[in-house]
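Hi,

Here is the structure I promised to pass on. Have a look at it first, and my notes follow underneath.

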Amino acid sequence: MSDSLQGKTVIVTGGSKGIGKGIARVFANHGTNVAIVARHLDIAKASAAELDQTGSKIRAYHGNVSDRESMEAMVKEVVRDFGGIDVLCANAGIFPSVTIEEMTDQNWDDVINTNTKGLLFSLQACLPYLKKADFGRVVITSSITGAVTGYPGWSHYGASKAAQLGFMKTAALELASEHITVNAVLPGNVLTEGLEGMGEDYIKDMAASIPLKKLGSVEDIGYAALFLASKEAGFITGQTIVVDGGQILPED
Ligand code: NAP
């Protein structure tokens, strides 16, 4: 794959676990400096230490995407350490399940503040540095849920993920004059540490409903993000790539 991101710097929000860690690993394997951002610094540090074996520079930072000041402070630290920011992978997200009937204001606000407002705060904090990059890139981890499908218990989550795509289209237009592209990856069911704990039978059942008969790996999402962040993807903006093993294709 492209080596255009060698020596560049990527911030991966939610890079300490799951899909974000997979994104961080793929970028690190391609020579990109990686800033892993999460609320639990101890877990982020452990992931950074694990990925350090790739030979790229990896550092962990404390950051809460739903807190503007926290994002601004984190970005200052990253720029101090790496000298700039070329790519923002806005990946941090939460997906608690609650039905519409039982949804509280707090349930709604937690999801929207993290997944949607968190995207705004992450981008605003990085923007001054993305503008200075040779080719600035924003890659959002959205979801098939909300944009394409629904799932009981996830009305707030689906709304937050669809909202990310509405935001993306205008961001792509506003930032085009700065030569910054803004795109999104829409994962289907991905095998993360969280899902592994659900047991083999559960995972087998989920895999059976996917045309390619397996769940996605976190690196599958990482490779799509790496492509959208590459120099070669420079004429693609405001677009989505579905990475779901064909899950959304069947009519019934
Ligand atoms: P995960 O394993 O639960 O990891 C979530 C990551 O986000 C962790 O690093 C977590 O670290 C961080 N995070 C959560 N809230 C944060 C906040 N307020 N500020 C900063 N970091 C925060 O989740 P995942 O399954 O990998 O999901 C990652 C993204 O992919 C999400 O946006 C999700 O919507 C999307 N997605 C996942 C799937 C799937 O099958 N897993 C499918 C479609 C889309 P801390 O808790 O330490 O902050």
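Let me start with one strand pair: E1 (residues 9–13) runs parallel to E2 (residues 33–38), and the two are joined over 5 bridges. If you want a spot to zoom in on, Val12 has Ile36 in E2 as its bridge partner. Keep in mind that this is a predicted model.

Helices pack on the sheet too. H2 (residues 41–51) touches E2 and E3, and its direction makes about 175° with that of E3. Then there is H9 (residues 218–229), which packs on the sheet against E4 (87–90), E5 (136–141), E6 (180–187) and E7. The direction of H9 makes about 165° with that of E6.

Zooming out, the sheet is open and has 7 strands, paired in parallel in the order E3-E2-E1-E4-E5-E6-E7. The edge strands are E3 (58–62) and E7 (240–243); each has a single partner strand, so one side of each has no neighbour in the sheet. From one strand to the next, the twist averages 20°.

I also looked for internal space. There are 2 cavities of 30 Å³ or more, and the largest holds about 50 Å³. What sort of residues line the largest cavity, by class? The lining has 7 polar residues, 5 nonpolar ones and no charged ones. Among the lining residues are Thr13, Val65, Asn91, Asn115, Ser122, Ile140 and Gln164. Helix H4 (residues 105–130) supplies the largest share of that lining, with 5 residues.

Shout if you'd like to go through any of it together.

Cheers

Conventions:
Residues are numbered from 1 along each chain as its sequence is written. This is a predicted model: local features need pLDDT of at least 70, side-chain atom pairs count only at pLDDT 80 or more; totals for chains, interfaces and linings use all residues. Side-chain values use heavy atoms; hydrogens and water are left out. On a 1 Å grid over the protein atoms alone, a cavity is a set of points where a 1.4 Å probe fits but cannot get out, and a pocket is an open set with protein on both sides within 12 Å along at least five of seven lines; lining residues have an atom within 4 Å of a point. Grid points are joined across faces, edges and corners, and a volume is the space filled by probe spheres set on the points. Helices (H or I, at least four residues) and strands (E, at least two) are DSSP runs, numbered from the N terminus. Ala, Val, Leu, Ile, Met, Phe, Trp, Tyr, Cys and Pro count as nonpolar, Asp, Glu, Lys and Arg as charged, and the others, Gly among them, as polar. Two strands pair if DSSP finds at least two bridges between them. Axes are lines fitted to C-alpha atoms, for helices over the stretch in contact, and angles run from 0 to 180 degrees between N-to-C directions. Contact means heavy atoms within 4.5 Å.
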